[in-house]
Amino acid sequence: MARDKEWRKKEPSLKDVQAKYTDLPKSWILKADIQRRGLTYTKAAVDKIDPNIHVVNSDAGSGFRNNLDYVPEGLIWKDGSYLVANFDFDENSARDPYVIDVVDDKIVITDEGEIFDEVLGYWEKPDFYNKRASNGEPLSKYITSRPQRLDISVNKYCHFWDKPGDGCKYCPLTPTYKCSGATEEQYEHKYIREAFAEALKQKGRFTHVMLTGGSILSGKELLDDELESYIAILKILGEFFTTDRFPSQLIATAFNERQLERLKNETKLMTYTPDIEVLNSEKFDWICHGKSREIGYEEWKRRIYKAVDVFGKGNVSSGMVLGVELATPNGFTSEDEAFNVIIPEAEEIISHGVALAANIWRPAPKSILQGQKSASLDYFVRVYREFDRLQRKYCPNPYTDDFRRCGAHIGLDLMRTY
Amino acid sequence: MVKINDELKQILDEPDTLKVLAVNNREGVPHVVFKGTLHAEDNQFVFYDLLQSSEINKNLVNTIWFEKKLAINILSKDRRSFHIVGTPVKSVTAGKYFESVYENIQERFGRDTDLNAIWYIEPEQIQEVSFAYRQAEQREKFPILAHLDQITRRDDDDE
């Protein structure tokens, strides 16, 4: 989509939205808008990178990213939270990105030359990024990192993409994997173990381990092979800890009761996140057709609730791609209509104590929906505000998937004052 | 921004000094807590929050989000008291400096002690509020504020 040069005149500005929602932090609304519109860096901002200290896109690959430019992987906010923006933004996106610049030696966020906020700095590189596995490969190949979280991508390829039309339409992960020419869906576990052992040596750095990966549909029963992959790695990680469970999260396909019981009983996993992705049965069927066909929207929800029974209230969250329900041609045709449909649906899910980890939909390059236009800032803020009201009412654990343990889905940042 | 003078910095570093923070929560209810790690760095007050679920941490997040103010009181061993009004300007939750403080905290308080955040507070007002100091100040500025018997001539005044 070619950028509409008049886009600013056609939707509420950042300042309009900040003025409208005075009960939400201005800096948080800015963060939402950066995730929506994207960001670029001036040369001065890039010059602030110290390659010995900061982590840059080229240090470690992310499945969300083809861009391996020498730019910071993320920003640190003054309130101690992080801006997760380590994904590809469409260079020809519908709106101009924010510009990270340096003014008076401070790193600032600007738009049309106006300074909107200052950031504390760039994410720092973990010590293990400077080390190599026994096969000579960098350890960052096997485990990546956010400021306080270790990320393990267990399966690089999502088998919902095996059948044309079944892959989730917003997702760039498997298309990116295919384009890279990679063929190794999973890494040898011994190297993950080596990376994990090295990462744990850094005192005070990590508070959480997140595992995720593409769905694997095969097995005696649907998803059994996926389950086995996670159990195998979780067992390796569990050996490092003295406690019954360790701060960890699995973002995976929605397992059935038998699979959930195995996950709980055979590993030290603490929290589980089966992402529902889209809060409407009809839109889910269009956007996540493989998930809809193999499992189904209502069954996916039922499995989330069963997971609460197994892992306990407060230990289950569910991710979603907020805004994709407005994608064309089959999405909702107005933001009001979408809001009115998804909020009651959200309340049903959240009422089970399941926080919604809602990411802002960016029509990512290589995804089927690339080139589309995401919703207005007002829509994202209005929905997040309502989710927050519901989560304050129903969710007993504000830390399950919070800024420290994730940080990508900024709606849950608001739980910091619970 | 006002300056934290050397005398106050020294008082802050004395082990018997009591240091109290008062921060409102999102509903505007004040919460008061003693913070032994409060000290001065350059011209900011700094303290280490050890628990992410602490009330003070939640309230400080709310305070920095909405650019509100907080209050600090410092009481020295010799009963000198200082009232400070400030604003939280940053919270450090990760990075090499955070890790160095984390290790220091563990050395001081034990290996099972965690570190949530390093909070930095910029002072906007620092005022000595020790009783003797305030009493003298009030008498000088507002001589109308006194019970008459305190200034009534007594029989022994001329002696």
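When two helices cross, call the crossing right-handed if the near helix is turned clockwise from the far one by less than a right angle, and left-handed if the turn is anticlockwise. Keep that in mind as we look around this predicted model.

In chain A, helix 11 passes helix 12 in just such a right-handed crossing. Helix 11 covers residues 335-350 and helix 12 covers residues 377-394. Their axes come within 10 Å and cross at roughly 20 degrees. Angles under 35 degrees count as roughly parallel, so helix 11 of chain A is roughly parallel to helix 12 of chain A.

Who does the touching? On the helix 11 side, the residues include Phe339(A), Ile342(A) and Ile343(A), while helix 12 brings in, among them, Val383(A), Phe387(A) and Leu390(A). Sorted by class, this contact has eleven nonpolar, one polar and six charged residues.

Now hop over to the sheet. Strands of a sheet pair through backbone hydrogen bonds, either parallel or antiparallel. Here you'll find an open sheet of four strands in chain A, ordered 1-4-5-6, with mixed pairing. Strand 1 (39-41) and strand 6 (114-118) of chain A stand at the edges with a single partner strand each, so one side of each has no neighbour in the sheet. On average, neighbouring strands of this sheet are turned by 40 degrees against each other, direction ignored.

Zoom in on strand 4 (residues 98-103) and strand 5 (residues 106-111) of chain A: they run antiparallel, joined by five bridges. Ile100(A), for instance, has Ile109(A) in strand 5 as its bridge partner. Helix 2 (residues 26-37) of chain A packs on this sheet, touching strands 1, 4, 5 and 6 of chain A. The direction of helix 2 makes about 120 degrees with that of strand 4 of chain A.

Note on methods:
Residues numbered from 1 in each chain as written. Chains lettered and ligands numbered in written order. Predicted model: local features only at pLDDT ≥ 70, side-chain atom pairs only at ≥ 80, totals over all residues. Heavy atoms only, no water. Pairing = 2+ DSSP bridges. Helix = DSSP H or I, 4+ residues; strand = E, 2+ residues; numbered from the N terminus. Axes fitted to C-alpha atoms, helices over the stretch in contact; angles between N-to-C directions. Contact = heavy atoms within 4.5 Å. Parallel < 35°, antiparallel > 145°, perpendicular 65-115°, else oblique. Nonpolar A, V, L, I, M, F, W, Y, C, P; charged D, E, K, R; others polar.
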